[in-house]
Amino acid sequence: MTHRLELKNISKSFGEVKSLQNITMHVDQNEVVGLLGDNGAGKSTLIKIITGYHQPDTGELFFNGQKVNHLTVPKARELGVETVYQERALADQQTLWRNIFLGRELRNRFGFLDVNKMVEETNRLMIESMGFTSGAVAADSVIKNFSGGEKQGVAIVRALYFKADLIVLDEPTMGLSLQETRKLIEFVKGIKRAGKSAIFIDHNVFHVYSVADRVIVLDRGTVAGEFLTKDITLNDLTEKMYHVAETGHLD
Ligand SMILES: Nc1ncnc2c1ncn2[C@@H]1O[C@H](COP(=O)(O)OP(=O)(O)OP(=O)(O)O)[C@@H](O)[C@H]1O
Ligand SMILES: [Mg+2]
């Protein structure tokens, strides 16, 4: 079976700092992979390579079995990869519908922005994909008044609408309330149910454990190990994380 995404021996340095060293990993179709690791382990650097934001120094990237030589952000999008950050990616002063279609506006046959269509689609998406029926979250409302969880929801809806099937979430629960966090975890489970793939990064082992099929542990730029969540208890995984933090290895 070809992997949805495969990395072979990916390395990346920033000056003297070896952020990633010989990372080999994969993500399958319809698989949620959790990335765990302490601050500075290289998680964000890794996803920035996957999303075309950084170029690796060495190593190879494959999408659906095809090697991609010079991955850029637009190219990664074309390949179905979308990233959900906390808030950052949304334009706060803009309306919900503008945020959904930012950079990929719908146009009518005369080439003009099709505002009606975008508003209509936004309302449909918010109800169908997110179950948002609150009047505060209408197509015309301005994003800056949304809660953190609602903002995350917008980013996820956008990713799904544009047919992304590998969704990368880098610490999406940061700053969210408990209830919003629970909703976010449900979105990620929805990605899985929809047959798509995800890479989920979070400092909270419990969050990662509850959504991931497989967990990859990074330590100081290298893969320290990986587990299928069905083969390990949350308790054991937590213990192992402490152990890695203390000793730099899993066993
Ligand atoms: N643009 C950059 N320039 C210089 N050094 C960088 C850059 N990006 C990352 N680094 C360094 O690479 C290492 C890995 O950073 P990275 O952000 O990938 O870690 P992380 O696992 O995402 O950490 P955190 O959990 O704190 O988000 C760190 O030592 C960091 O300082
Ligand atoms: Mg990070």
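In strand 8 (residues 197–201), Phe200 is the bridge partner of Gly34, a residue of strand 3. Helices (H or I, at least four residues) and strands (E, at least two) are DSSP runs, numbered from the N terminus, and two strands pair if DSSP finds at least two bridges between them. This is a predicted model, in which local features need pLDDT of at least 70 and side-chain atom pairs count only at pLDDT 80 or more, while totals for chains, interfaces and linings use all residues. Residues are numbered from 1 along each chain as its sequence is written, and chains are lettered from A and ligands numbered from 1 in the order in which they are written.

Strand 3 pairs with strand 8 in the parallel sense over 4 bridges. With strand 9 (residues 214–219), strand 3 is again paired in the parallel sense, over 4 bridges. Here Leu35 has Ile216 as its bridge partner, and Leu36 stands opposite Val217. In a regular strand the side chains alternate between the two faces of the sheet. Val32, Gly34 and Leu36 point one way from strand 3, and Val33 and Leu35 point the other way. A residue is buried if 20 or more other C-beta atoms lie within 10 Å of its own, exposed if 12 or fewer, and partly exposed in between, with C-beta atoms placed from the backbone. Because 5 of the 5 residues of strand 3 (residues 32–36) are buried, this strand is largely enclosed by the rest of the structure.

The wider setting is an open sheet of 6 strands with mixed pairing, in the order 6-7-8-3-9-10. Strand 6 (81–84) and strand 10 (222–228) stand at its edges with a single partner strand each, so one side of each is left without a neighbour in the sheet. Neighbouring strands of this sheet are turned by 20° against each other on average, direction ignored. For such angles, axes are lines fitted to C-alpha atoms, for helices over the stretch in contact, and angles run from 0 to 180 degrees between N-to-C directions. Helix 1 (residues 43–50) lies across strands 3, 6, 7, 8 and 9 and runs at about 150° to strand 7 (166–170). Helix 8 (residues 234–247) also packs on the sheet, touching strand 3, strand 9 and strand 10, and its direction makes about 15° with that of strand 9. Two residues are in contact if their C-beta atoms, placed from the backbone, lie within 7 Å.

A further open sheet has 4 strands in the order 2-1-4-5, with antiparallel pairing. Strand 2 and strand 5 (66–68) are at the edges, each with a single partner strand, so one side of each lacks a neighbour in the sheet. The twist averages 30° from one strand to the next. Strand 1 and strand 2 pair in the antiparallel sense over 7 bridges, with Glu6 opposite His26 of strand 2.

These two strands also hold some backbone curiosities. Most residues other than glycine have a negative phi. Asn9, in strand 1 (residues 5–14), has a positive phi near 50°. Asn22, in strand 2 (residues 17–27), likewise has a positive phi, of about 50°. Asn9 is partly exposed, with 13 other C-beta atoms within 10 Å, and Asn22 counts as partly exposed with 15.

Overall, the protein comprises 8 helices and 10 strands. Its radius of gyration (taken over C-alpha atoms) is 19 Å, close to the 18 Å that the globule rule gives for 251 residues, so it is as compact as a globular protein of that length; the rule is 2.2 Å times the number of residues to the power 0.38. Buried residues make up 39% of the 251 residues.
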